[in-house]
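Trainee: Please take me on a close look at the empty space in this model. I'd like to know which residues border it, and then how the surrounding parts fit together.

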Amino acid sequence: MSEAYSKAGVDQGAADSAVAGLVRALGAIDLGRPSLQVPLPGHYASVIRIGENAGIALSTDGVGTKLLVAEELGRWDSVGIDCVAMNVNDVICVGAEPLAMLDYIAVPTADPDVCEQIGVGLARGAELAGVEIPGGELAQLGSLVSSVDLSGACFGTVALDSIVDGAAVQPGDPVIGLPSSGIHSNGYTLARSALQGLPLDEDPEGRLGRLLGEELLEPTEIYVKPVLELLRSAVDVRGLAHLTSGGLGNLLRLAAEVGYEIDEALPVPPVFELIQERGSVSDEEMHDVFNMGCGFCAVVAASDEDAALALLRAHYPAAKRVGVAVEGAGEILRPRP
């Protein structure tokens, strides 16, 4: 149970129930023809069959309450990168190549400067991900919203016989972790609650090495190009996981009925320690809400561990084996503190 997160304003249990209700309703759609959806329940992106061996991968996500930090600082030039990242990082998890995305910006009234700054970030994110942004929507919603909301939807292509859903993962397969750039775009309701009262234009006790506001607005890392390179190599890639809210527990969204033993986690950035201390958040809840320094994982065949590490370390020198798949479906095992 996420006690601190609930007190901060996010009831994850209610959210899970709400999603379940949506899924039940959408499952009743009757098109009068067989569904084109490839069964990938609980995975990071959906895939629609468009040909004998061709599929379109789809994902949608937003930046969340990180936007409130951008508003407080009057700086909107990086959250567009977050919007792109949260979508493309999910699409690559099925083995797809992201091609394009659309953005949706909801505002009380249109502010040209704010929108241009957001556009700068979207353009930079698109370049980092290698995608186009051919269109989108700017909605002026008056009293319906009190601030800016930013979200997007991404699509990519994947050969149906090359979909990566994690079903091939076997006990003994190594889990390779790629470092996050910080908090990314999840858990900001809890982070903002825990850090309330700290000036954004200072470095608390010199712990972060930069201003708190800069730390909180650090864009979400975009993993597309290194992961596509891994997929196009001779490495047997068996599972891919974008670690958002839920942290390493996101590995359990992979299809194989295995567990994961995490015995060599990546270093935890100081901002997480600051949140935990000031918010009196338990270790368990921190790992349930935040990425804790690991933003993406690749599960590969044991025989390909060295090759995968060599390829990924060319992009992320700190990448390393963080754990291994084990017997025991639905379990994430960590060393006791």
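Mentor: Happy to. A search of the whole structure turns up one cavity of 30 Å³ or more, and do keep in mind as we go that this is a predicted model. The volume of that largest cavity is about 30 Å³. Its lining is made by M86, I183, H184, N186, H242, L243, T244 and N291. Sorted by class, these residues are three nonpolar and five polar, with no charged ones. As general background, rolling a probe the size of a water molecule over the atoms is what shows where empty space is left.

Now to the open spaces. The largest pocket has a volume of about 1800 Å³. Its lining takes in 50 residues, and those nearest the centre are V19, H43, Y44, T60 and R253. Two of these central residues are worth picking out on your screen: R253 sits over the face of Y44, 4.0 Å from the ring centre. As for the secondary structure around this pocket, at least two lining residues come from each of α2 (12-26), β1 (46-49), β2 (54-62), α4 (79-91) and α6 (188-195). Helix α2 contributes the most, with seven residues. The lining as a whole comprises 22 nonpolar, 21 polar and seven charged residues.

The second largest pocket comes next, at about 710 Å³. It is lined by 28 residues, with D283, E284, H287, R334 and P335 closest to its centre. Here α9, α10 and β11 (332-333) each provide at least two lining residues, and α10 gives the most, with five. By class, 15 of the lining residues are nonpolar, five are polar and eight are charged.

Strand β11 takes us from that pocket into a sheet. Six strands form an open sheet in the order β7-β9-β6-β10-β8-β11, with mixed pairing. At the edges stand β7 (237-242) and β11, each with a single partner strand, so one side of each has no neighbour in the sheet. Moving inward from β11, you reach β8, which pairs with β11 in the parallel sense over two bridges. In that pairing, E261 stands opposite L333 of β11. Strand β8 (residues 259-262) also pairs with β10, this time in the antiparallel sense and over four bridges; there, Y260 has A325 of β10 as its bridge partner. Strand β10 is antiparallel to β6 (residues 174-179) too, again over four bridges, and P174 is partnered by V324 of β10.

Let me finish with the aromatic rings, since some of them lie in loops that lead to these strands. A pair of aromatic rings is described by the distance of the centres and the angle of the planes. Across the whole structure, a search finds three aromatic pairs. In one of them, the ring centres of Y223 and Y316 are 5.7 Å apart and the planes meet at 45°, so the pair counts as tilted. Y223 is in the loop between α7 (212-216) and α8 (224-232), while Y316 is in the loop between α11 (305-313) and β10 (320-326), so this pair ties together parts 93 residues apart in sequence. Both Y223 and Y316 are buried.

F272 and F290 form another tilted pair, with 5.6 Å between centres and 55° between planes. This pair also links distant parts of the chain, 18 residues apart: F272 belongs to helix α9 (residues 270-279), and F290 to the loop between α10 (283-289) and β9 (294-300). So for your picture of the second largest pocket, note that α9 and α10 each supply at least two of its lining residues. F272 and F290 are both buried. Coming back to the tyrosines, Y223 and Y316 form one aromatic cluster together with F296.

Note on methods
Residues numbered from 1 in each chain as written. Predicted model: local features only at pLDDT ≥ 70, side-chain atom pairs only at ≥ 80, totals over all residues. Heavy atoms only, no water. Phe/Tyr/Trp six-rings, centres within 6.5 Å; stacked < 30°, edge-to-face > 60°. Buried < 20%, exposed > 50% of the residue type's maximum accessible area, 1.4 Å probe, protein only. Lys NZ or Arg CZ within 6 Å of the ring centre and 35° of its normal. 1 Å grid on protein atoms, 1.4 Å probe; cavity = no way out; pocket = protein on both sides within 12 Å on 5 of 7 lines; lining within 4 Å. Points joined across faces, edges and corners; volume = space filled by probe spheres on them. Nonpolar A, V, L, I, M, F, W, Y, C, P; charged D, E, K, R; others polar. Pairing = 2+ DSSP bridges.
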